[in-house]
Amino acid sequence: MRTVWNRLAGGLIGVSVAMAVQTVPARVLAQGCAMCATAVDDANDPLARGLNVSIMFLLAMPFALVGSVALWFTYMYWRSRLRRPSLRVLRSEREGVL
Amino acid sequence: MRSPFVSATIPPLRAMMPRTAAARRRRGAWRGDEPPATPVSNARIAIVVVLAAEIMFFAGLIGAYLLFRFGTVVWPPADLPRLPLGVTWLNTLVLMASGCTMLAALRAVREDNLRGLTRSLCVTGLLGVLFLSVQGSEWVRLIRHGLRPSSGPYGSTFYVLIGSHAAHVAMAVLWLGIVAIGAWRGRFSSTRYAAVEVCAIYWFFVCALWLALFALVYH
């Protein structure tokens, strides 16, 4: 019973925080550092475009990297699981059990 | 009761953790010619960590390149020489051919063909040296035509990006040489070739990275 109340309280806190974040204007959330904001204020500025492309690329790279490694690890794990029974059969055949 | 997230993540991670020899014996795996108990060997995990660091290093350099490329109205600048496309295409083919010979080396060691392994490693190393030589000669030509590291963002990003890749190829060639000496001395077999495999993975990384850099910088 206590666990259920704890979960409910956790959920309520989460929803409250999400609602509080929603009240902040998007313009405030989208601020970069003070230097970048003053240096590239105009969205049509080529430097702003370059900064955007560069930041998006650098933002995506760690996720792509960690995601690829995780996918590869998962693939290797499932492949080894698939291979295990056949190995056992091979070992049994060699030892003359079958 | 464990949450679904824990059930989905912990067992695969636990299975991939490097184990001691005693733990392997307890599990009754990897005796003689059988594959290891862990799905991913320690050598592979090590090279993945190295490659992850390398990828982030090059991501930083590419990020800087993208900033200058998209942040400049005219790219490449009109007063600087154009990069040589034809020769670099041929050089790319040379590097891709070296990837194929590296694949042949891996196949040779898996078939216990040590002579074939040594030959394939030597050919791969020679192709790598040829790639570096052509790159070097092109750099000399570009510098003579006025494209220097000090020629603004275009020159500096070009030399830093391509130079870093060339340094990595040079290191990989050195590594290949060490592995080739080991192969010549008969240190590898179809059940013991982790050094060849890691070297091959690094070489494939260098080849794939060149394709990305070639598409980005030369086009």
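**View 1. The largest nonpolar core of this predicted model, seen around its best-connected members.** This core counts 26 residues, and B:Ala105, B:Leu117, B:Val196 and B:Trp203 touch the most other members. A nonpolar core here means a set of buried Ala, Val, Leu, Ile, Met, Phe, Trp, Tyr and Cys residues joined through C-beta atoms within 7 Å. Buried means 20 or more other C-beta atoms within 10 Å of the residue's own, with C-beta atoms placed from the backbone. Chain B's helices H4 (85-110), H5 (114-144), H6 (152-184) and H7 (194-217) each chip in with at least two core residues; helices are DSSP runs of H or I, at least four residues, numbered from the N terminus. H7(B) gives the largest share, eight residues.

**View 2. Around B:Ala105.** Skipping neighbours within four places in sequence, B:Ala105 is in contact (C-beta atoms, placed from the backbone, within 7 Å) with B:Leu117, B:Ser120, B:Leu121, B:Thr124, B:Val196 and B:Ala200.

**View 3. A separate core.** Apart from the largest core lies another, of six residues, including A:Leu51, B:Phe58, B:Ile62 and B:Leu67.

**View 4. Chain A against chain B.** Here 19 residues of chain A are in contact with 21 of chain B. Chain A's side has 13 nonpolar, four polar and two charged residues, taking Ala, Val, Leu, Ile, Met, Phe, Trp, Tyr, Cys and Pro as nonpolar, Asp, Glu, Lys and Arg as charged, and the others, Gly among them, as polar. Chain A itself has four helices and zero strands, and of its 98 residues 3% count as buried.

**Notes.** Residues are numbered from 1 along each chain as its sequence is written, with chains lettered from A and ligands numbered from 1 in the order written. Local features need pLDDT of at least 70 and side-chain atom pairs count only at pLDDT 80 or more, while totals for chains, interfaces and linings use all residues of this predicted model.

Technical notes. Two residues are in contact if their C-beta atoms, placed from the backbone, lie within 7 Å. A residue is buried if 20 or more other C-beta atoms lie within 10 Å of its own, exposed if 12 or fewer, and partly exposed in between; C-beta atoms are placed from the backbone.
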